[in-house]
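Colleague: I have just opened this model and would like to understand it piece by piece. Please pick a single part, take a close look at it, and show me how it sits in the whole.

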Amino acid sequence: MKKLTLAAIVGFGLMSGSALAASAWTGGDDQPTNPLSCDATPAAAAAKPYDGGVPTNAPDRNGKKITVVDVPKLIGIGYFNATSKGIADAAAELGNVDAKTDGPTKANIDEQITFIDNYITSGVDGILFAANDPVAIAPVLKKALEKGINVVGYDANSTPDARQWFVNQAEFNGIAKSLVDSMAAEVGGEGGVAIVTSTFTTPNQARWIAEMAAYAEKCHPKLKWLETVEAQEDNNLSFNQATTLINKYGDDLKGIFGMTSVATPASAEAVTQANKCGSIAVVGLATPNAMKPYVEKGCVKSVVLWNPVDLGYAAMMVLRSVADGTLQPGATSVKAGKLGDLQVINGSEILLGAPYVFNKDNIGQFDF
Amino acid sequence: MTAARLLRHETILAVLTIIALAVLASMSDKFFTPENLLNQGRLMAEVGLVALAMTFVIVTGGIDLSVGSILGLTAILLGVFWKNLGLPLPAAILLAVICGTFAGWINGFIITRFNVPPLIATLATLALYRGLAEGISEARSVRGYPEWFFFFGQGEILGVPFQLWLLGIAVVISGVILGLTPFGRATYAIGANETAARFSGIRVNSTKLWIYTAAGFCSALAAVIFVSRVTTTRSDMGTGLELDVITGVVLGGTSIFGGRGTIIGTVLGLVLIQALKNGLALSGVKGDGTIVVIGLVLIGAILVGALFDRNRGG
């Protein structure tokens, strides 16, 4: 039965593939791609009018001391501890912000909404959030805007009109460029590569793969794509799928992309157990803690993600600029302290910058 | 069952609630404002509705762990009926509520027909209904409901949130049923001694079936309000709801062994928890600190209850 379903899915995938001119690589989606340039030139920002919200009768907060609350998806995990540290760092550097992080202990939409609601009543000046659900959080954020509170999101967006700005940690084409560039550097610019993803229909992964295919075709045409395999987000299945790839393609396989934080460490483990460290490169999205053993052994050279400390730092800096009135709708960039000028994209989003590549030299500094 | 003893627990709880309100009001000037209190009423309506039915369940000596999953399943069905099957929204709401009620009926059927302990039966359906919700929705949200639908979760009548009216009416109805009708007396009798109740000619199974069905109905109603309040449908809605509900009911003096408990007690328990959560947050206590306080209050209430039990036994 399972095989039959799988066959049906594959069959359907092939049919839709021929009909819709899907990505050159299996597992990508059929949305238009926008590969970045091969060198480090930033993409020109497409002009799009400001689509964020505006607080009602916000008092003049320019230069005044403000209280800010940060409500992440949940508290007590390494990732949001890191963003919270970034926020605290920025607040300390600014000196006129009283910031604290508070939130639910589970990624629960209802609890997060209740937390924000209570902080609106308690009368904060600014709210930072990472939404558990973009739509569910919107009514309470709109309520905050109506009370004149400055609202800035990071990590996970809400609907645009429910907040003023959103600090976007990475664009799809930026992640794709980092992954493909790292892989090309490790395999010497040519050779066969395979992908371990979650499922062909997972939105983020499908978008990344489509962008990777477009970027590789443009900048690293000698990278030869072999196969994309699905491994849900299952540790065991990811390991098995990666092992199958290694056995199936033998010496033709020069590198494996891991598209999820589960697939990447599992692929690294598969390569380690096959004694292929050094001859098969593993590059992927993952959190540093999961990858430390492989990076320290030298089996994996680059892990791509963004730096969550910088993300929190940028969010706090943006909120301060909004409160001061220095960041207005229509701006094209914003000053964010030590991070320099950050670019405004998509109307009301601020791009953190190129993704962060963790390697042997810097991975020890991160704990999430 | 002595009325005086029941009254004593509720009197203590009422005094405790008033003290808590007074202390919290003195800790933050933003706490005891009509706006905040009404808003808190809005936030507690979903838990409150389910807690009323749960009071009946626990008074019979049972438990229903699946209420959060029924909420999630109803929410998903509402979205799927409306968006994927293209039914008009009122019909989708009605049909989803019927399905949620049916899910409650299944709980009752398994418990009464196959004599499965309620803890086991509803632990199983907790997983079953949540799994169905996730499978049916394929982990996708349904959004874009029309503006009028948001009235249930965000609208007001005479300045009071809609769901608070609904909760008020439900409190009166359930209070009357549990306190003043033969059905209510049957509920207590089952909890006090099921075998004796059976031999007294009380229709134990049909009473239980009604009660678990009502729990399904209340969870389904809460789901509609929840979806309307947050304007979207997700399969993880209501996760952990059962614990908030049971906490409120038990704090309200309902004995987990059955036979004892009142609607007024449950309402007081709910108010006390919601006041603590909100008041502590407003006076600057972080979320983790608030959970600790609620845990301590619950232990305190159980100790008080145990004290009464000892008095009765001695």
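Modeller: Chain B folds into 13 helices and two strands (DSSP runs numbered from the N terminus, H or I over at least four residues for a helix, E over at least two for a strand). With a radius of gyration of 20 Å, close to the 20 Å that the globule rule gives for 314 residues, chain B is as compact as a globular protein of that length (C-alpha atoms only; the rule is 2.2 Å times the number of residues to the power 0.38). This is a predicted model, in which local features need pLDDT of at least 70 and side-chain atom pairs pLDDT 80 or more, while totals for chains, interfaces and linings use all residues. Residues count from 1 along each chain as its sequence is written, and chains are lettered from A and ligands numbered from 1 in written order.

The C-alpha trace of chain B spans about 65 × 55 × 35 Å along its principal axes. Of its 314 residues, 49% are buried (20 or more other C-beta atoms within 10 Å of the residue's own, placed from the backbone). Among contacts in chain B with a separation of 6 or more, 77% join residues 24 or more positions apart (a contact puts two backbone-placed C-beta atoms within 7 Å).

Where the chains meet, 20 residues of chain A and 19 of chain B take part. On the chain B side, α2 (34-59), α12 (263-282) and α13 (287-313) each supply at least two residues. That side holds four nonpolar, 10 polar and five charged residues (Ala, Val, Leu, Ile, Met, Phe, Trp, Tyr, Cys and Pro are nonpolar, Asp, Glu, Lys and Arg charged, the others, including Gly, polar).

Chain A has 10 helices and 14 strands. Its radius of gyration is 22 Å, which agrees with the value near 21 Å for a compact globule of 368 residues. In chain A, 54% of the 368 residues are buried.

Now for the close look, at strand β5 of chain A, residues 165-168. A:Trp165 and A:Val167 point one way, A:Phe166 and A:Asn168 the other, and all are buried. In a regular strand the side chains alternate between the two faces of the sheet.

β5(A) pairs with β4(A), residues 150-154, in the parallel sense over three bridges (pairing takes at least two DSSP bridges). There, A:Gly153 stands opposite A:Phe166. β5(A) also runs parallel to β13(A), residues 349-351, joined by three bridges. In β13(A), A:Glu349 is the bridge partner of A:Phe166.

Conventions:
A residue is buried if 20 or more other C-beta atoms lie within 10 Å of its own, exposed if 12 or fewer, and partly exposed in between; C-beta atoms are placed from the backbone.
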